[in-house]
Amino acid sequence: MLWITLAQMRWRQVTTQERPWKMKRCSSRNTSRGRKGSSETGLKLGTVPQEALRRTLFPLGELTKDFVKKIAAENRLHHVLQKKESMGICFIGKRNFENFILEYLQPRPGRFISIEDNKVLGTHKGWFLYTLGQRANIGGLREPWYVVDKDGAKGDVLVAPRTDHPALYRDLLRTGRVHWIAEEPPAALVRDKMMECHFRFRHQMALVPCVLTLNQDGTVWVTAVKAVRALAPGQFAVFYKGDECLGSGKILRLGPSAYTLQKGQRTSSVAKEGSSDSPGLGPAP
């Protein structure tokens, strides 16, 4: 994003006199969520190093892209103006996603397998074509099925019926080492080893209340107050305290799904019900 590039530019390139607002330099800088509808900003800022933030011109939350370009032009930041816009996969336009990806990757055929009964429902051209939570296009099925897990080693894509299937929901994840913006890590988390805050992992999703548990290696366990749909490894969990963006960490591991936990509870319940048939545990003759 161009405005983030501008935010990371050297302090000396824009003098106090040239700036249309007052800004004090300080040893560390924190960031806010910004105005409503700018949640993608928080996802980006969660990875910005403190060294860049110390030289940052904020706030930018109310500035349009055209105005930011104007500031860059006035300060002769032509390398910023000439830089191409960032283009994620969502910018490929109205074309078939599968065909687009297969222009760059070789097909790796695999199976769609039901999470409920291990039944093979169909085949696909590559597990990497699917992300958790999306609808799986399986020929010959009337009802929609959704991707709940992937096995890259076997090439299988596990699917479940219904968009609200419990296999899609999890309340626990572990990140890689967290990049903290203002404190490394927050004092409250260091002191208590746990901290309440909020997180999101997708653009424009609502903030989710959670509890962070700090590990010795700088990674964190994130326990959501309520199970969240379609968490996926590789995404970034971005943490917030009030309006402040605390930092972010790449999701490396997921806890068991609500469906797995329910199956475990059912299995445990059946075992307890049948325990009276075990030797020595039945009623006295």
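This passage describes the fold content, internal cavity, helix 4 and selected backbone features of a predicted model.

The protein chain contains eight helices and 13 strands. Of its 285 residues, 39% count as buried. The accessible surface of the chain amounts to about 17300 Å², and carbon and sulfur atoms account for 52% of that area. Among contacts between residues at least 6 apart in sequence, 59% join residues at least 24 apart. One pair separated along the chain is formed by N99 and L129, which lie 30 residues apart in sequence and 9.7 Å apart in space, C-alpha to C-alpha. N99 belongs to helix 6, spanning residues 97-101. With a relative accessible area of 44%, N99 is partly exposed, because this value falls between the limits of 20% for buried and 50% for exposed residues.

The interior was examined for enclosed space. One cavity of 30 Å³ or more was counted, and the volume of the largest cavity is about 40 Å³. Its lining is made up of L132, V148, A167, L168, R170, A230 and L231. By class, six of these residues are nonpolar and one is charged, with no polar residue present. The charged member of the lining is R170.

One of these lining residues, A230, also shows a distinctive backbone conformation. Its phi is near 65°, a positive value in a residue other than glycine. A230 is located in the loop between strand 11 (220-229) and strand 12 (236-241). At a relative accessibility of 7%, A230 counts as buried, since the threshold for that class is under 20%.

Helix 4 comprises residues 65-74, and its buried residues are V68, I71 and A72. These residues cover an arc of only 100° around the axis and therefore lie on the same side of helix 4. Helix 4 is followed by R76, which is found in the loop between helix 4 and helix 5 (78-82). Phi of R76 is near 60°, again a positive value in a residue other than glycine. Whereas A230 is buried, R76 is exposed, with a relative accessible area of 61%. The two positive phi values thus occur in loop residues of opposite exposure class, as R76 exceeds the 50% limit and A230 remains under 20%.

A further backbone feature concerns the peptide bond from E184 to P185, which is cis, with omega near -15°. P185 is situated in the loop between strand 8 (179-180) and helix 7 (187-192).

Note on methods: Residues numbered from 1 in each chain as written. Predicted model: local features only at pLDDT ≥ 70, side-chain atom pairs only at ≥ 80, totals over all residues. Heavy atoms only, no water. 1 Å grid on protein atoms, 1.4 Å probe; cavity = no way out; pocket = protein on both sides within 12 Å on 5 of 7 lines; lining within 4 Å. Points joined across faces, edges and corners; volume = space filled by probe spheres on them. Buried < 20%, exposed > 50% of the residue type's maximum accessible area, 1.4 Å probe, protein only. Helix = DSSP H or I, 4+ residues; strand = E, 2+ residues; numbered from the N terminus. Arc of directions from axis to C-beta. Contact = heavy atoms within 4.5 Å. Areas by Shrake-Rupley, 256 points an atom, 1.4 Å probe, with all protein chains shown as cover.
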